[in-house]
Amino acid sequence: MSVLLVGAGPGSADLLTLRAARALESAQVVVHDRLVDPSVLALVHRDARLVNVGKGPGDGYTQEHINLQLIDLAQRYERVVRLKGGDPFVFGRGGEEWLALRAAGVDVEVVPGVTSALAGPSAAGIPVTHRGLSRGVVILTGHGADDDHVVVTGLGRSELTLVILMGVAQRARLARELIADGRPASTPVAVIERAWTSSQRTRRGVLRQLGELDVHAPAIIVVGAVAALDLSETLALAGSSASVA
Ligand SMILES: C[S@@+](CC[C@H](N)C(=O)[O-])C[C@H]1O[C@@H](n2cnc3c(N)ncnc32)[C@H](O)[C@@H]1O
């Protein structure tokens, strides 16, 4: 009994790893999330069973239910793929599924994917580290915050790039907390919606404006000096000797 935990990447199927593409082509069952792009699902063999366990608002799939379903499928099929957006181990609950499967005696292997945390910024021409601007990057979630819970602490004063997943709903609060924590209100921000899909869109501004930006999930929020860059523009201008300051 075994399950492959496969990263589907952020969108377009040509960002899958070769290992992931092979796993999809040979799977008998593919249990997938809501955010997995149709171009990725199109690689699944036509005789395979597709099971959508996307946890949208109001649908009944709890993590517990998904774990049990995976165990059940592993007992009935030889080649089961659990397909998760981006990378299974970056806010994908892949670790929980791994533990639940192992506890039930099911072998698990992971196939890493291109995470939206890094591919989202790059889709907008933003390098998350850049000599002279950012010496490192922190990936965090804006999800799960309630009134008593501070989303960000100790990251305000640092100059690290912040990449925030699941932060759209809490963006005004994230900005307030970061500014209170010492990050200048004039720090550049960028929000990249649906990166690497045909409906990708980027909004830019500064930290004090983050709450007012018209943005929609799923999106990646980038906070830091690099968020002002758009290297795709710079490259287009390279012939006319433009450079990044
Ligand atoms: C549950 S997390 C899963 C992250 C995933 N495991 C990964 O590595 O990309 C879902 C969040 O990822 C981000 N996300 C996933 N795909 C995205 C995309 N194509 N464009 C922008 N953000 C994306 C959004 O912040 C979304 O709310």
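These are my notebook entries on the sheets, helices, salt bridges and surface of one structure.

**Entry 1: the parallel sheet**

I began by noting that I am working from a predicted model. I then looked up the strands that hold the early part of the chain together, and found an open sheet of five strands in the order β3-β2-β4-β1-β5, paired in parallel. Its edge strands are β3, at residues 49-52, and β5, at residues 107-111, each of which pairs on one side only. I also looked up the twist, and neighbouring strands of this sheet are turned by 20° against each other on average, with direction ignored.

For a single pairing I chose strand β1, residues 2-7, which is joined to β5 by five bridges, the two strands running parallel. Within that pairing I noted that Val 6 has Val 111 of β5 as its bridge partner.

Next I asked which helices lie across these strands. Helix α1, residues 18-26, lies across β1, β2 (29-32), β4 (80-84) and β5, and runs at about 130° to β1. Helix α3, residues 63-76, lies across β1, β2, β3 and β4, and its direction is at about 150° to β4.

**Entry 2: the mixed sheet**

I moved on to another open sheet, whose five strands follow the order β6-β7-β10-β8-β9 with mixed pairing. Here the edge strands are β6 and β9 (201-206), and each of them pairs on one side only. For this sheet too I noted the average turn between neighbouring strands, which is 20° with direction ignored.

As a sample of the antiparallel sense I took strand β7, residues 161-165, and strand β10, residues 219-223, which pair over four bridges. The partner of Val 163 in β10 is Val 222. Across this sheet I found helix α5, residues 116-123, which lies over β6, β7, β8 (188-193) and β10 and runs at about 75° to β10.

**Entry 3: helix α6**

I looked up which residues of helix α6, residues 171-180, are buried, and the list is Arg 171, Arg 173, Leu 174, Ala 175, Glu 177 and Leu 178. I noted that charged as well as nonpolar residue names appear in that list, among them Arg 171 and Leu 174. The cover over these buried residues includes β7 and β10. After α6 comes Gly 182, whose phi is positive, near 115°.

**Entry 4: salt bridges**

How many salt bridges does a search of the whole structure find? The search finds nine, and I followed some of them up.

The side chains of Asp 72 and Arg 76 meet in one, with N to O at 2.9 Å. Both residues lie in helix α3, four residues apart, which is about one turn of the helix. Asp 72 has a relative accessible area of 33%, so I recorded this residue as partly exposed.

I then turned to Arg 82 and Glu 97, whose closest N and O atoms are 2.9 Å apart in a salt bridge. Because Arg 82 lies in strand β4 and Glu 97 in helix α4 (residues 94-103), the pair ties together parts that are 15 residues apart in sequence. Are these two residues buried or exposed? Both Arg 82 and Glu 97 are buried.

Another salt bridge joins the side chains of Glu 96 and Arg 93, at 2.8 Å from N to O. Glu 96 counts as partly exposed, at 37% relative accessibility, and Arg 93 is likewise partly exposed, at 39%. I closed the search with the network in which salt bridges that share partners join Asp 33, Arg 82, Lys 84 and Glu 97.

**Entry 5: a contact between helices**

I picked Ala 100, which has its place in helix α4, and found it partly exposed at 21% relative accessibility. Leaving aside residues up to four places away in sequence, Ala 100 touches Asn 67 and Ile 71. Ala 100 and Asn 67 are 33 residues apart in sequence, yet their C-alpha atoms are 6.3 Å apart in space.

**Entry 6: a nonpolar surface patch**

Lastly I looked up the nonpolar surface, where Phe 91, Leu 118, Val 137, Ile 139 and Met 166 make a patch of about 390 Å². Of these I followed Ile 139, which lies in strand β6, residues 137-141. Ile 139 has 32% relative accessibility, so it counts as partly exposed.

Key: Residues numbered from 1 in each chain as written. Predicted model: local features only at pLDDT ≥ 70, side-chain atom pairs only at ≥ 80, totals over all residues. Heavy atoms only, no water. Pairing = 2+ DSSP bridges. Axes fitted to C-alpha atoms, helices over the stretch in contact; angles between N-to-C directions. Contact = heavy atoms within 4.5 Å. Patch = residues over 30% accessible without salt bridge, like charges linked within 9 Å, V, L, I, M, F, W, Y side chains within 5 Å. Areas by Shrake-Rupley, 256 points an atom, 1.4 Å probe, with all protein chains shown as cover. Salt bridge = Lys/Arg side-chain N within 4 Å of Asp/Glu carboxyl O. Buried < 20%, exposed > 50% of the residue type's maximum accessible area, 1.4 Å probe, protein only.
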